[in-house]
Amino acid sequence: MSGGTVPRLVIAAPSSGAGKTTVATGLMAAFAEAGLAVSPHKVGPDYIDPGYHALATGRPGRNLDAFLCGTERIAPLFLHGAAGADLAVVEGVMGLFDGASGRGELSSTAQVAKVLRAPVVLVVDASSQSRSVAALVHGFASWDPEVRLAGVILNKVGSDRHEELLRDAMESSGVPVLGALRRTEQARTPSRHLGLVPVAERRAEAVASVRALAERVRAGCDLEALLALARNVPELPDRPWDPAEAVAAVPATGAGRPVVAVAGGPAFTFSYAEHTELLTAAGAEVVPFDPLRDEQLPSGTRGLVIGGGFPEVYAPELSANAPLRAAVAALAASGAPVSAECAGLLYLSRSLDGRPMCGVLPADGRMTERLTLGYREAVALTDNALAAAGTRVRGHEFHRTVLEPGAGASPAWGVTHPRRGVEGFVSGGVHASYLHVHWAAEPSLAGRLVAGAVRDAAPAAGGGR
């Protein structure tokens, strides 16, 4: 059975910094406040924007990344996330036609819009132009005839006169203006070295920011026209992605459903929603915990997932929580499966910026000025708790830290990388790496971790809470 017709819009821009996140999040919040069930999506691997999307809509923010998940999974994952929604809003990445470096349109906003057969609304930074905006829009509208550029939202408009000039120029473009937003210092969200500050670190301020964005969008955009545009879409023939179908359930055992603890809180905010769904479908009882607050792992923990985030920002607090560090080290020593990505890798190291961490890995991390960023292709070199030897995945790196050494005697992955050919650590049940992988592309990762948790007969580490 196909997924049906989901009203949908893609919010794109000619380049980064034009205001996509402002407009997309504001639209999500405005439509949600109007009573619509809004499904939020983000093109690319970014974890931070989906947090604001979730705050705006009350639904999980979900990523659509053709490099990480495969083009063939974009529509099924979209339909899975948008189930029961009245409207789906997809925020693009970078410029409309920008994708994975050297791979054409792969992972671009344009590619996702074509796969979803969705109209594109272009957010244009109009702060330093007037008539030229029409030439810019004309170029984007005519570049790829398969991309339906259906409207423009003018951002950073200086005055009523400026808006009048822009609208006059746009009349000749054939692309309707669906909104105009004034330049303002209000509703800005603070940034840091990897982008916006995550919602979990500034919950009260983030709520106020999202509300202000909704008000700006309501005042400056034609919501009725945007909703009508979203509803004028064809049916998608694809079936929704189903985590229960994607991963084989672990056979029932006397131990019942094993507890897999998943790190969260302000220090570990990077996680794809599908990971928890896959772990649950594979037979786990997923229990979140906050390494900044909780001094023990959840009661009965037999597997552990520590995703990405900003441990360098919270290194003093993470280090000060010695009881939890000891519990994590004890669980790892027991042979229980532990999956750690990026921030999790650093948390398992001996130290971060000179402060003691869990000491599971014979390596030390530190903050640097250099940004490591890019897509990677990787292969598992040995059988381990997360992947069978030979398993091929695609991943993404995004960090300003370094770990020395960067790989153990048994690396987690062999990787395509300009400076190194191996990545991370495999030791006992531990699999730790800088690489972020989307498990929907390789559901066996979740199934293997849960199977290891079922097999693990060690006493649960950490006690109850």
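Helix α1 is largely enclosed by the rest of the structure, because ten of its 14 residues are buried. The model is predicted. Elsewhere, the structure holds seven aromatic pairs. One of them, Tyr-47 with Phe-270, is stacked.

**Helix α1**
- The helix covers residues 20-33.
- Its buried residues are Lys-20, Val-23, Ala-24, Thr-25, Gly-26, Leu-27, Met-28, Ala-29, Ala-30 and Phe-31.
- Each of these falls under 20% relative accessible area, the cut-off for buried.
- At 1.5 Å a residue, 14 residues should span 20 Å. The end C-alpha atoms are 20 Å apart, so the expected span and the model agree.
- Gly-35 follows α1. Its phi is positive, near 105°.

**The Tyr-47 and Phe-270 pair**
- The ring centres of Tyr-47 and Phe-270 lie 4.9 Å apart, with 5° between the planes. An angle under 30 degrees counts as stacked, so the pair earns that label.
- The pair links distant parts of the chain, 223 residues apart.
- Tyr-47 sits in the loop between β2 (38-43) and α2 (48-57).
- Phe-270 sits in the loop between β10 (259-263) and α11 (273-281).
- Tyr-47 is buried, with a relative accessible area of 12%.
- Phe-270 is also buried, at 4% relative accessibility.

**Wider aromatic contacts**
- Tyr-47 and Phe-270 belong to one aromatic cluster with Tyr-272 and Phe-310.
- The ring of Phe-67 has a charged partner: the charged end of Arg-394 sits over it. The distance to the ring centre is 4.3 Å.

Note on methods. Residues numbered from 1 in each chain as written. Predicted model: local features only at pLDDT ≥ 70, side-chain atom pairs only at ≥ 80, totals over all residues. Heavy atoms only, no water. Phe/Tyr/Trp six-rings, centres within 6.5 Å; stacked < 30°, edge-to-face > 60°. Helix = DSSP H or I, 4+ residues; strand = E, 2+ residues; numbered from the N terminus. Buried < 20%, exposed > 50% of the residue type's maximum accessible area, 1.4 Å probe, protein only. Lys NZ or Arg CZ within 6 Å of the ring centre and 35° of its normal. Expected span 1.5 Å × (residues − 1).
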